[in-house]
Amino acid sequence: MALTYRCLIIDDESPAHKALASHISKFDELEHSGSAFSGMEAVKLLNANQYDIIFLDINMPVISGVELMELQPNRPLTIVTTAYSDFALSAYQNDAIDYLLKPISPEKFAKAIEKAKTYFSGNSLKKENNANAKTFSYRLNGQTIDMPLCDIVYIESLGNYMKLYSTKHNLPHIIYGSLSSIASEIDSTSFIQVHRSYIVNKNKISAVTFKNLTMSNGEIIPVGRKYQILLDNLTIR
């Protein structure tokens, strides 16, 4: 049975939705599974549903396409669709797989879909191999440590380094790397970025206020203003 890729269109203009939906309808392997007309609506849909590909406009009110990419580092495969060429660098720095300028020709759309299919075929084996791992691997004092994701409470950024707090150690492990570099390595269903300097385990949150989270180890984590929308549908266990 052929694979079907669920697609979400994110754009504040109806004509763009119609044009992209028309392009999508010409590919048997693509399914138009959702439409968002603002960045805020897109965040809610991404938190509530599973998509494989998003077609993302840049120039949107309140939450721009670039800001949405920063808010959702573990988002589905992203193809930027915009009338502006100025943001290509930002898009690729946030791991967009292609950058299509409007009006989008069928040929350029088809090439972007081929890139997406190549990406999915190359990553399917990696996902299968890692599906049951549920660990985060890092180097510490010359050794490789496999930390179960369920043991991680939160990760704090320290420039080029990070502090990893877990339920198994009294003191944090200080490791090399950045929050953006590990976003694809941790389970997006269990972890959420709530501040430019913090990624937290949603299952380790014990209380939520407008500006702070209280973690299971008693630590208070600040919530960045632009990240507050991500907590709207958060369920505390």
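Q: Between which two elements does the loop holding Pro103 lie?
A: This is a predicted model, and Pro103 is a good place to start. Lys102 and Pro103 are joined by a cis peptide bond, with omega at about -5 degrees. Most peptide bonds are trans. The loop with Pro103 runs between E5 and helix H5 (106-130).

Q: Which strands stand at the edges of the sheet with the order E2-E1-E3-E4-E5?
A: Five strands make up this open sheet, and their pairing is parallel. From one strand to the next, the twist averages 25 degrees. The ones that pair on one side only are strand E2 (30-36) and strand E5 (98-101).

Q: In E5, which residue is the bridge partner of Ile79?
A: E4 and E5 run parallel and are paired over four bridges. Strands of a sheet pair through backbone hydrogen bonds. Look across from Ile79 into E5 and the bridge partner is Asp98.

Q: Which residue stands opposite Thr78 of E4?
A: E4 also pairs with strand E3 (residues 53-56), in the parallel sense and over four bridges. In the sheet order, E3 sits between E1 and E4. The residue opposite Thr78 is Ile54.

Q: How many of the residues of strand E4 are buried?
A: Buried here means under 20% relative accessible area. One side of E4 has Leu77, Ile79 and Thr81, the other has Thr78, Val80 and Thr82, and all of these are buried. For strand E4 (residues 77-82), that makes the count six of six.

Q: Is Asp95 buried or exposed?
A: Asp95 lies in the loop between helix H4 (88-93) and E5. Its phi is positive, near 70 degrees, and it isn't a glycine. Most residues other than glycine have a negative phi. With a relative accessibility of 61%, and the cut-off being over 50%, Asp95 counts as exposed.

Q: How far apart in space are Leu89 and Phe191, C-alpha to C-alpha?
A: Leu89 belongs to helix H4. Its relative accessible area is 59%, so Leu89 is exposed. Along the sequence, Leu89 and Phe191 are 102 residues apart; in space, C-alpha to C-alpha, the separation is 27 Å.

Q: What is the phi of Val62, roughly?
A: You'll find Val62 in the loop between E3 and helix H3 (65-71). At 67% relative accessibility, Val62 counts as exposed. Val62 is not a glycine, yet its phi is positive, at about 70 degrees.

Q: How many charged residues are in the lining of the second largest pocket?
A: Val62 turns up again here, in a lining made of Met40, Val62, Ile63, Glu67, Leu71, Arg225, Lys226 and Ile229. Sort these by type and you get five nonpolar and no polar residues. The charged ones number three.

Q: What is the volume of the second largest pocket?
A: Its lining includes Met40 and Val62, along with Arg225 and Lys226. So you have residues with widely spaced numbers around one pocket. The volume comes to about 180 Å³.

Q: Why do strand E13 and strand E15 each have one side without a neighbour in the sheet?
A: These strands belong to an open sheet of three, in the order E13-E14-E15, with antiparallel pairing. Strand E13 (205-208) and strand E15 (220-222) stand at the edges, so what leaves one side of each free is having a single partner strand.

Q: Which residue of E14 is the bridge partner of Ala207?
A: E13 and strand E14 (residues 212-215) are paired in the antiparallel sense, over three bridges. Within this three-strand sheet, the twist averages 30 degrees from one strand to the next. The bridge partner of Ala207 in E14 is Thr214.

Q: What is the radius of gyration of the chain?
A: The C-alpha atoms fill a box of roughly 55 × 40 × 35 Å along the principal axes. For 237 residues, a compact globule would come out near 18 Å, which agrees with the chain's value of 19 Å.

Q: What percentage of the chain's residues are buried?
A: The secondary structure comes to six helices and 15 strands. E4 is one of those strands, and it is mostly covered. Taken over the 237 residues of the chain, the buried share is 45%.

Notes:
Residues are numbered from 1 along each chain as its sequence is written. This is a predicted model: local features need pLDDT of at least 70, side-chain atom pairs count only at pLDDT 80 or more; totals for chains, interfaces and linings use all residues. Side-chain values use heavy atoms; hydrogens and water are left out. On a 1 Å grid over the protein atoms alone, a cavity is a set of points where a 1.4 Å probe fits but cannot get out, and a pocket is an open set with protein on both sides within 12 Å along at least five of seven lines; lining residues have an atom within 4 Å of a point. Grid points are joined across faces, edges and corners, and a volume is the space filled by probe spheres set on the points. Ala, Val, Leu, Ile, Met, Phe, Trp, Tyr, Cys and Pro count as nonpolar, Asp, Glu, Lys and Arg as charged, and the others, Gly among them, as polar. Two strands pair if DSSP finds at least two bridges between them. Axes are lines fitted to C-alpha atoms, for helices over the stretch in contact, and angles run from 0 to 180 degrees between N-to-C directions. The radius of gyration is taken over C-alpha atoms; the globule rule is 2.2 Å times the number of residues to the power 0.38. Buried means under 20% relative accessible area, exposed over 50%, partly exposed in between (1.4 Å probe, protein chains only).
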